[in-house]
Structure formats: structure tokens, C-alpha cells
Amino acid sequence: MRHLTSVDNLSDDELYRLVRRSAWYAEQGEAVGQPLRGRVVGSYFRATSTRTRTAFASAALRLGAAHIAYGPHDLQLNTGETMADTARVLGTMLDALVVRTAGDPAELAALTAQDGMAVVNAMTADEHPTQAIADLSMIELQFGRVDGIRILYVGEGNNTAAALALALARFRDVSLCLATPRGYGLDPALLARAQRAAQANASSITETHELAAGPSEADVVYTTRWQTTGTSKPDPNWRDTFAPFQVDGALMARYPEAVFMHDLPAHRGEEVTSAVLDGPGSIAFRQAEQKFHSAKAVLEWCVGGTDSR
């Protein structure tokens, strides 16, 4: 039984294995057996979700586990029970709990203070680690490698960007440029931590607040919606600030060999145009499907205790 609450939970080898195993599941299709037969996986989603919630529920069932879903109003947390007491009880009945709070990561720490069930972070305010595993496995499938990949990330330095930076920093010769509106970059402490890890792997993680100052070459252009789940922006004119960071045909033309990625949902006409999202260079919907395969790898690692091939 192992928790996955942050990319920082993982050793380099564990991250590499999870990425490879996620890609392996995608290549194998349904011919994967049921390594979690007899296990019970719960999911507690306090914030909206389409892809992540469905991916983990479907992955649990396809791997042979039973699945119990809890919505935002289903648990006695709403009547004042503490997260620690809730975890203590659920840990006697579940083998894993997949949790999306979009809130304080300290809540996950309370959930992990028991030794009966694995806890999987399906998104907190600061990080979205399972998104990063899905993204890197999609890159592995697309390019045959993660090492040496050049990525331009455009938009808010949110939980998706944080997990992506922390994960890519573990690979060699990677270049990640985060083009973020001023005032909406990565948390400085997290950025510094990712940069130190990247430097040890001869990789580069940089941040700019001018899209025109982006890299001259990129293999991937990645964006995310401007309004991150569970958050609000203090600036009433924030859309004007974000407008220059739209991914459109002109931006993609700067990188004619690049593929386009998006963690979805997309707000067409805001962070990306329909022509790009639906265009021949877009792998965004394959990327969404990859969340299902990476969920299988994560549950197998957390619950099955396998090392992942």
C-alpha cells in the first residue's frame, strides 16, 4: 500500500516506471488481466471532474476492483467529522481512496494518517500529480521518449503546471518554458525546487511573462483553461491579462513540427481556438484517454504493490 499525493512522493525510478507502465497499458488495450480482483477502491470528488473521475472509476473496474463513489455531500465531513476520523474509518474498509478536493493539500496529509488504504491525489489546489503521469506517458507514446523533449507551456502556473514541472525535472535534457501572465506564474518556491532538480539532470525549466519571449523551438505546445477548477481570480479584468496567451494558429505556426496538448476541459475561443484544438497537430483527446491508462498504472502501483514494468 503506497500513497501518491505528490510527484515528490515518487523516486526517480518509480516515476519512470509509472510513465512506462501507463504507456504499456495504452498499448495493450484491454488485454491486461485483473490484478486488483478482490480490492475495493473509493473515490471522493468534492470538485467537478469528467476525465479524472471516470478514468479512475473505470480503471478500478477494469482491473477487477469494486468501486464506491462519494460526492461532495455524501460523507459525514459535512456534519463536522474530522478528515482524520473519516480516514481512520475508511481505511478499515477500502484499499484505496482517490481524492479531488481542489483545496488545501493538508487535507490529504490527514487522509494518509492511517495504514489501511492508499490515498491518491486526484487534484489539490497546489498540484495535480496524476495529470503529470498521464501527460508524460502521452509524450512517451507520441515521441518514444521523454528525455530531450522541448515543451512550451502557455497559461496560468496552476496545479497542472506545477506537477508537470516537478515531473519533467526528473528527466534528462528536457526544456520546459512556462509562458504565464504576470502575477499568475508558478509558486516561486516550487519553481525553484523544480529548477534545482532539472539542473541535476541537465534540463532547463524557465518562466517568462511574454509569450513572444518563448523558445525558438518546441516539440509540444501545452495549455490549460484559464479558470482553474476550485479557484477564483482577485483581478476583475483578468481576462484582459490572459488574452495575449491564447494558443491560436499563429502561435502554432511558430512551431510547425509541434503537437498540441491540453489537460481539458477546453474553453474554445479563450485559451485555445477550435482550429488548434481540432486541428491535425492536436493530441489533446488522445491525452484525455491516456488518463484512463495512467489511472490503471497508478492504482496498480498504489494498491497492488507492484513495481510497474
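**Figure 1. Glycine 42 and its partner across the strands.** Glycine 42 sits opposite isoleucine 68, a residue of β2. This pair belongs to a predicted model, as do all the views that follow. Strand β1 (residues 40–45) is joined to β2 by 5 bridges, and the two strands run parallel. As background, the strands of a sheet pair through backbone hydrogen bonds, either parallel or antiparallel.

**Figure 2. The sheet of 4 strands, in the order β2-β1-β3-β4.** Here is the wider setting of β1 and β2. The sheet is open and its pairing is parallel. At its edges are β2 (66–70) and β4 (118–121), each of which pairs on one side only. On average, neighbouring strands in this sheet are turned by 20 degrees against each other, with direction ignored.

**Figure 3. The sheet of 5 strands, in the order β7-β6-β5-β8-β9.** This sheet is also described as open, with parallel pairing. β7 (204–208) and β9 (259–262) each have a single partner strand, so one side of each is left without a neighbour in the sheet. From one strand to the next, the twist averages 20 degrees.

**Figure 4. Strands β8 and β9, with a helix across them.** For a closer look at one edge of the sheet, start with β8 (residues 220–223), which runs parallel to β9 and is joined to it by 4 bridges. Threonine 223 faces histidine 262 of β9 as its opposite residue. Helix α5 (residues 129–143) lies across β8 and β9 and also across β5 (150–154). The helix runs at about 160 degrees to β9.

**Figure 5. The largest pocket and its lining.** This pocket holds about 270 Å³ of space. Of its 20 lining residues, the closest to the centre are Arg100, Arg225, Thr229, Leu264 and Pro265. Helices and strands contribute too: α2 (51–62) and α6 (159–168) are the elements that give two or more residues to the lining. What is the make-up of the lining by class? The lining has 12 polar, 5 charged and 3 nonpolar residues.

**Figure 6. The cis peptide bond between leucine 264 and proline 265.** Two of the residues closest to the centre of the largest pocket, Leu264 and Pro265, deserve a view of their own. The peptide bond that joins them is cis, with omega at about 10 degrees. Proline 265 is placed in the loop between β9 and α10 (274–277). For comparison, most peptide bonds are trans.

**Figure 7. Aspartate 173 and its positive phi.** Where in the chain does aspartate 173 lie? Look in the loop between α6 and β6 (175–179). Although aspartate 173 is not a glycine, its phi is positive, at about 60 degrees. Most residues other than glycine have a negative phi.

**Figure 8. The second largest pocket.** Its volume is about 160 Å³. Among the residues that line this pocket are Tyr16, Val19, Arg20, Glu140, Arg145 and Asp147. The lining also includes Arg170, Phe171, Arg172 and Asn201. Helix α1 (residues 12–28) supplies the largest share of the lining, 3 residues. By class, the lining divides into 6 charged, 4 nonpolar and 1 polar.

**Figure 9. Stepping back to the protein as a whole.** To place the close-ups, it helps to have the overall inventory at hand: the protein has 11 helices and 9 strands. Its radius of gyration is 19 Å, close to the 19 Å that the globule rule gives for 309 residues, so the protein is as compact as a globular protein of that length. Taken along the principal axes, a box of roughly 55 × 45 × 35 Å is filled by the C-alpha atoms.

Note on methods
Residues are numbered from 1 along each chain as its sequence is written. This is a predicted model: local features need pLDDT of at least 70, side-chain atom pairs count only at pLDDT 80 or more; totals for chains, interfaces and linings use all residues. Side-chain values use heavy atoms; hydrogens and water are left out. Two strands pair if DSSP finds at least two bridges between them. Axes are lines fitted to C-alpha atoms, for helices over the stretch in contact, and angles run from 0 to 180 degrees between N-to-C directions. Contact means heavy atoms within 4.5 Å. On a 1 Å grid over the protein atoms alone, a cavity is a set of points where a 1.4 Å probe fits but cannot get out, and a pocket is an open set with protein on both sides within 12 Å along at least five of seven lines; lining residues have an atom within 4 Å of a point. Grid points are joined across faces, edges and corners, and a volume is the space filled by probe spheres set on the points. Ala, Val, Leu, Ile, Met, Phe, Trp, Tyr, Cys and Pro count as nonpolar, Asp, Glu, Lys and Arg as charged, and the others, Gly among them, as polar. The radius of gyration is taken over C-alpha atoms; the globule rule is 2.2 Å times the number of residues to the power 0.38.
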